[in-house]
Structures are given as C-alpha cells and as structure tokens.
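Welcome! Here is a short set of exercises with worked solutions. Please look over the sequence and the structure first, then work through them at your own pace.

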Amino acid sequence: MADDYLVRIGRLIRDARQHRGWTQAQLAEALGTSQSAVNRIERGNQNISLEMIARIGEALDSEIVSLGYAGPMHLRVVGGRRLSGAIDVKTSKNACVALLCASLLNKGRTVLRRVARIEEVYRLLEVLHSIGVRTRWINDGVDLEIVPPAELDLAAIDADAARRTRSIIMFLGPLLHRTDRFMLPYAGGCDLGTRTVEPHMIALRRFGLDIAATEGQYHAVVDRAVRPDRPIVLTERGDTVTENALLAAARHDGTTVIRNASSNYMVQDLCFFLEALGVKVDGIGTTTLTVHGVPTIDVDVDYSPSEDPVEAMSLVAAAVVTESELTVRRVPIEFLEIELAVLEEMGLDHDRSPEYFADNGRTRLVDLTVRPSKLEAPIDKIHPMPFPGLNIDNVPFFAAIAAAAQGKTLIHDWVYDNRAIYLTDLNRLGGRLQLLDPHRVLVEGPTRWRAAEMMCPPALRPAVVVLLAMMAAEGTSVLRNVYVINRGYEDLAERLNSIGAQIETFRDI
C-alpha cells in the first residue's frame, strides 16, 4: 500500500515536471539533489517527506494540490447556507479563447487584460507554446502578453492539449493565412454529443481552405487562388463558425460579407479586437457582418475582453436556488435581458443599477441585486435561440431555477444531442426531472434538495448546475472530478466561499 502511494506521488511529480518542460536534471539542480534521486522519486522508489513535496511544488511553481495535473479534483460542499454580499463577474471565457486564437493574426505584441485563468485557456496556451508563440502572465498574473515567432512550428503542436479543447478549431481561420499546408488534431472539450464541423468547412472553403479528416487529424490545404467573390452565408448561426469566418476574413485582402452571422457576446468582443488590429468591421451586433480585411497585421495591441454573461447567469442562479440576497456586479446586461425577462415573469425580486461601460468601452454593464423570491413556473417552455434570444449556455441554469419554482417547467435544449440528459443528475439531489426525449426535460418544483455524492457531469453548464443544487441541499455533498468546471470558471469554489458558501477542494492521492 505504501509503495503504491509513493508511485502515485511520483507520477504527479513527473507530470508536473514534464508540464513545466524540465528535465530530471533541471529539477534536481533546483532542489539541490541528484538526478538519480529525482528518478527514484518519480518511479516511487524513494520515501519522500512533506517538506520535500513542498520544495518540489515551489521549484515547479505549482502548489502541491495542483501537481496532480492529470489527477481528478473534487469538491466537498456543505449546503444549506445563505449567500450574501457582492461578487464581480469575471471576463468572458468564450471571448478570451477566441482572442487567443485571433492573436495568431498579429505579428506584433498582443496584451489581453484580465484574462480568465481557466483550464480552457491553459490548454490553448500549451498549444500556442508548442508551436513557438511566447506568452507570459504580467501585472501580477492578471494580464496576458502574447508574442508570436516569425514562423510557427506547426509540426510540434501539442496534440494532447489540442484534443482537450473544442476551441482548437478556431485555429483554422488564422492559420490559413500563415501556411499552405498544416494539420490540426480533432477538436475536443465538453461531451455534448455529435456537433458537426461542416459549417466551419463550408465557410472556410470560400477562402481556399480544403480539409480532409483522417486518423484523428484535420489535414488542411490552402488554394491561394480561391477568394470569396460573393457573400458567405453561414449554414448555422453558430458562435465559433462566425468567429472562424471572421478570423479568415480579417487578413483577406478585400471585403468579405458574412450573412446569418451570430451577434452573440464573444463574436462582438472578437469584432472589437479585430478593429483594434486595424480591421474594419461593419454591422457589429447584427446578423450581417462586412469585414474590410488587411493582408498584413503587425501592431502592438492592448485589449480588455468584456464580462461573461453566462457566469453572471450562474451567480444569479446561485442566489435563486439558495434563497439568498446577492449583488452580482459587472453584468453585461445586453446579453441577459431575455433571461431576466423570463425570471421576472416567474416572480424574481431584483433591481439593477444604472448602466456603465466595460473596460472595452463598448459593452454595457449593470450591477444586479437578487432577493429571495416566491417563483412560479413560466407559462411557456424554456428554450434557447440565437442572440438576442435566451442564451444556449444559460438554459441549464433554468433547470435548477425551475426546480425552486412552484409548478412544472418544460425545458427544450434543442441544440445539443444529450445535454438535457445530464440535467436529470439533479434527481440524485432530490430533484423531480422527467426526461421526455434527448432534448426535452420536464422539471417539477419546488424541490427539497438533499445531499449526495456523485460524479461531475461531463458538460460544463450541467456540472455547475449540480454544484448549485449541492449548495442548496442541507448536509455535505461531494462532487467528484470537476475538471470540466475548471475549464470554464476561474476559482469558482473560492469565489463562492467569499459570499458565504462552504466548498472545499480536495484530491485523491
């Protein structure tokens, strides 16, 4: 048993060292020991003290709790507590990952302010590092500096990191301007069923990009003679599809019209960033975008992505299910107006501050105060629509909110193949959710939540919904393997603790 314990610790240390890019000799030098000692530690053949574990963590610039990069992290939740005070919304996850991909368009230095420090961002940074892009956290780790090389080393791409993020598909738009042939690993991320990449291919073929998908790779070839000679009509009004078309159009030497474009928050942030790069974009906030591309972009740019409306909705839902009074600050109101209108219909007691601008100078923010309310199920079903409709990623939070309301609520998540199925995990916590088909679930409330121990759903938003229900349930719950939550939320447990929750992070060793 002791030997197995040492082997598992050794693997954690080895993984952390390799993640840092160090050899055993480099770690040994930092610790003031021999390479053979490090080798024995990593193979589990050496007794190791807590002091040495702490020294290794310091040498690798990583807390011991995060040495187990590949090991599961869990949450222990003491529920039934009221939240109070105020909490700020962080910058948008989806905007940040789009801007990281867009930085490949620029030969100059890019600085992104208050970047979300989440696993999805870390995976993209690992991919960028592997192809030669230099990045570093500056200003006490708050902002991110990105400096590209003269030539990208695409043959060295970190395939493991790439496969752990769906955002890698947004490398296609920028890379088609950098090289005539390249390969990308298949996109990964949340387990939400089959989502075709064909809409991306349809849009990008108009810029000469031809894709063959074989053996876990996208094999891309660019024909420079092909140019978009008429408007591009997207077959799906998707966010990443629109972003990929924008990224391709940004360095196309000419004018590109994109129709049936998403006008969602992350797309608008990308448009604002492209304008900072010198690319003119007409029609921001509409479904027709006209991009006046520039063939070369070489500028030093400083940009602040706006706040995340989905995180704002998460925090509002946390207040609702725990029957708390909470002020959520820096809410991008333009992207939550439909959600708030539905909640008003259900009886939510809330008010909002006057509007003010985000740091990008374009996005409108408010501070939103939510109070305990007696909610009634809405008359109409809850279903997503492209912006300005109810946000696709906010639909799962209505499952927890509907469970707190009197009556029955029909939720129709028509976009994803199986996300509605994950919402039925709330039944483990006392919910009454009936799955009607893979896209529809009937929620009956009000709910008397009860504590439970369970595995985290493999999709980001349903996972957070389960966490919120655990916060409302009397007693102690355990949510296991929460990597998917860390993909989209920065320090969520600690931030919820700051407003009254009691959530402990732990790992199995």
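**Exercise 1: A salt bridge between a loop and a strand**

Glu334 is partly exposed, with a relative accessible area of 23%. This value belongs to a predicted model. Find the salt-bridge partner of Glu334, and work out which parts of the chain the pair ties together.

*Solution.*
- Step 1. The side chain of Glu334 meets that of Arg364 in a salt bridge, at 4.0 Å from N to O.
- Step 2. Place both residues: Glu334 sits in the loop between β14 (326-332) and α13 (337-346), while Arg364 belongs to strand β17 (residues 364-371).
- Step 3. The pair therefore ties together parts that are 30 residues apart in sequence.
- Step 4. Check the partner's surroundings: Arg364 has a relative accessible area of 25%, so Arg364 is also partly exposed.

**Exercise 2: Buried or partly exposed?**

Take the salt bridge between Arg114 and Glu307. Is each partner buried or partly exposed?

*Solution.*
- Step 1. The distance from N to O in this salt bridge is 2.8 Å.
- Step 2. Recall the cut-off: a residue under 20% relative accessible area is buried.
- Step 3. Glu307, at 1%, is therefore buried, whereas Arg114, at 26%, is partly exposed.
- Step 4. Now look at the positions. Arg114 is in the loop between β3 (110-112) and α6 (119-130), and Glu307 is in the loop between β13 (301-303) and α12 (309-321). The pair therefore links parts that are 193 residues apart in sequence.

**Exercise 3: More salt bridges**

How many salt bridges does the count give? Describe the one between Glu198 and Arg205 as well.

*Solution.*
- Step 1. The count comes to 32 salt bridges.
- Step 2. In the pair of Glu198 and Arg205, the closest N and O atoms are 2.9 Å apart.
- Step 3. Glu198 is partly exposed at 33% relative accessibility, and Arg205 is partly exposed at 39%.

**Exercise 4: Inside the nonpolar core**

Which residues have the most contacts inside the largest nonpolar core, and which helix supplies the largest share of this core?

*Solution.*
- Step 1. The largest nonpolar core holds 150 residues, and those with the most contacts inside it are Phe171, Leu467, Met471, Leu479 and Ile485.
- Step 2. Helix α16 (residues 460-472) gives the largest share, 11 residues.
- Step 3. Consider the domains: domain 2 (71-89 + 306-505) and domain 3 (91-301) each contribute at least three residues to this core.
- Step 4. Zoom in on Met471. Beyond its neighbours within four places in sequence, Met471 contacts residues including Val77, Leu83, Ala318, Leu496 and Ile503.
- Step 5. Look for a separate core too: a second one, of 16 residues, includes Ile9, Ile13, Leu27 and Ala59.

**Exercise 5: The whole protein**

Why can the protein be called as compact as a globular protein of its length?

*Solution.*
- Step 1. Begin with the secondary structure: the protein has 18 helices and 23 strands.
- Step 2. Compare two values. The radius of gyration is 24 Å, close to the 23 Å that the globule rule gives for 509 residues, so the protein is as compact as a globular protein of that length.
- Step 3. Add the dimensions: the C-alpha trace spans about 65 × 60 × 40 Å along its principal axes.
- Step 4. Of the 509 residues, 55% are buried.
- Step 5. Finish with the surface: about 20,700 Å² is exposed, and carbon and sulfur atoms supply 47% of this area.

How values were computed: Residues numbered from 1 in each chain as written. Predicted model: local features only at pLDDT ≥ 70, side-chain atom pairs only at ≥ 80, totals over all residues. Heavy atoms only, no water. Core = buried A, V, L, I, M, F, W, Y, C linked by side-chain atoms within 4.5 Å. Buried < 20%, exposed > 50% of the residue type's maximum accessible area, 1.4 Å probe, protein only. Helix = DSSP H or I, 4+ residues; strand = E, 2+ residues; numbered from the N terminus. Domains from an automatic or database assignment. Contact = heavy atoms within 4.5 Å. Rg over C-alpha atoms; globule rule 2.2 N^0.38 Å. Areas by Shrake-Rupley, 256 points an atom, 1.4 Å probe, with all protein chains shown as cover.
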